[in-house]
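Student: Please take me through one part of this model in close detail. I would like to see how its strands fit together.

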Amino acid sequence: MSELHDQVPTREKVLVIGAGPAGLAAAAALKALQVPFDLVDRSAHVGGIWDEDREDSPTWRSMDMVSSRRFTQYEDMIQPVSFPDYLRPEQMGKYLRAYAARYDLTEHFRPGVEVRSARPFSEGVWQVEFSTGEIQVYAAVISAHGISERPHCPAWAADVDPAIRVIHSKEWTGADGLEGKRVLVVGSGQSAADIAVDAARRALEVRWSVRTGHWIVPRRIGGMPGDVAASREPAVLGKLNDRIAETVLGRVAGDPSSVGLPKPAVSPLDDAVIISDEVLDRIREGRITPIAPVTGVRADGTVVYADESDYRPDLIVLATGYETGANHLPEDVVPRTAHGELDLFLGAFPRGRDDLVVLGQNRVSGGVLPILVEQADIAAYLMKAVRDSSPALTQFHRARAGSDSAVPVTTREQGGLLGRIGEKLGTAPLNRRAAESAPPATRNPADSAEGRLVPFVDRDRLLGRLRTVRSLFD
């Protein structure tokens, strides 16, 4: 590695892999606690998938974010008032670069460097090989590589006729060039809906193969961003909120099953909802046609559906999710459960290791940044506690040895680590739903069968548990 400003040997540093929202949160927290670190990313700039020059980003220029800026900003640096409620990718990238500059994180950043492998030899000793050919030893690793590193493709995709183009949603760059083409979008979630809408702008025909029904939520409800409105659900109403939410969505958006989509299996408050102002309208107009789940491929490569009909598109887009894990980590460094899931305490902390944190291995409805910040704060406190042999480390070990459900849910809101150390800006999002009424973690049935897919969790409950564990270090 090239010499950095602090001149600390790498064997005494934490290596943060990935300079997206999670990696920047971790870097800021480590710096606030004066824990030495390096920050690397294969991209030439900070921002992760929001770096518009990054070729392997799953974003595209015309897409809108599905969570409002209130849930996509750090609590210690609000976004400019000139930004819209829902940012474009280039705006999010600009904001992340500004955040890195504000806290001088770029002084620790080495761009265009990929981690080929990171292997532990003993507790606190990691051998890291970089794409430059350099090999260094680090004291700990925070892997903030995101969830889009390992696209998941169904087994039948390999049998599609080579004359039919097949891509994963990660490769989607927009609808240009689809004039006169027939497009099949496969998937039940947010990416599938967004790509179907985008494709319908140009394509001759768009069919959307949906296995699991979800509620469609507009970006604005009652004059405010939909995710902000949802965060203000009064706790005193309890389960009545379910009926209120269904009634409101029925009026402002419509029943998804009325246009041919599968009926949602759970209430909107328990669901992995889809945020969209357009998908239901495009279906009503005939620009998008919902169809049955794909079950296989015929000998001639034609796609077959559950209702035994078939179709031969020009393009198949697999919006079928991502698998957990990281290519640079040994497969056995984080054990998996009997269901194939990574055994990570509160979604980030391998049980039995203090020198490894894996951030962002969860999906949520709306913005995930609040979770990433809480996980990053705990990671920094953990690294600091290890260096200082703090008594708080024993308390953390005790909590980590148990199940996630054994951790009490703290409902009070706190700012990010730098925000608490510096001046409070008063921008913390407000969640008034009581812990008891928070929905349990849910998962798409198809995801359960796959096991290794990035799981969907309830954001509020996970946030509450992360706050409880973070308080052990205060």
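Tutor: Start with Val206: its bridge partner in E15 is Ile288. That bridge belongs to the pairing of E10 with E15, which is parallel and has four bridges. Keep in mind that this is a predicted model.

Now turn to strand E9, residues 182-186. E9 and strand E10 (residues 205-209) run parallel and are joined by five bridges. One place to look is Arg182, whose bridge partner in E10 is Glu205. How does the chain get from E9 to E10? It passes through helix H3, residues 190-200, and this β-α-β crossover is right-handed.

Look at H3 itself. The helix lies across E9, E10, E15 and E19. Its direction is at about 170° to E10.

E9 also pairs with strand E19 (residues 315-318). The sense is again parallel, over four bridges. Here Val185 has Val317 of E19 as its bridge partner.

Is E9 mostly buried or exposed? Four of its five residues are buried, so E9 is largely enclosed by the rest of the structure.

Put the strands in order. The sheet is open and has five strands: E8-E19-E9-E10-E15, with parallel pairing. E8 and strand E15 (288-291) stand at the edges. Each has a single partner strand, so one side of each is left without a neighbour in the sheet. From one strand to the next, the twist averages 20°.

What holds such neighbours together? Strands of a sheet pair through backbone hydrogen bonds, and the sense can be parallel or antiparallel.

For the antiparallel sense, go to another sheet. Three strands form it, in the order E16-E17-E18, and it is open too. Its edges are strand E16 (294-297) and strand E18 (310-311). Each of these has a single partner strand, so one side of each lacks a neighbour in the sheet. E16 pairs with strand E17 (residues 303-305) over three bridges, in the antiparallel sense. Within this pairing, Gly296 stands opposite Val304 in E17.

Finish with a loop. Pro162 sits between strand E7 (140-143) and strand E8 (165-168). Pro162 is exposed: its relative accessible area is 80%, and the cut-off for exposed is over 50%. Which residue lies 139 residues from Pro162 in sequence, yet 7.9 Å away in space? It is Gly301, with the distance taken from C-alpha to C-alpha.

Note on methods
Residues are numbered from 1 along each chain as its sequence is written. This is a predicted model: local features need pLDDT of at least 70, side-chain atom pairs count only at pLDDT 80 or more; totals for chains, interfaces and linings use all residues. Side-chain values use heavy atoms; hydrogens and water are left out. Two strands pair if DSSP finds at least two bridges between them. Helices (H or I, at least four residues) and strands (E, at least two) are DSSP runs, numbered from the N terminus. Buried means under 20% relative accessible area, exposed over 50%, partly exposed in between (1.4 Å probe, protein chains only). A crossover is right-handed if, with the strands pointing away from the viewer, the path from the first strand over the helix to the second runs clockwise. Axes are lines fitted to C-alpha atoms, for helices over the stretch in contact, and angles run from 0 to 180 degrees between N-to-C directions. Contact means heavy atoms within 4.5 Å.
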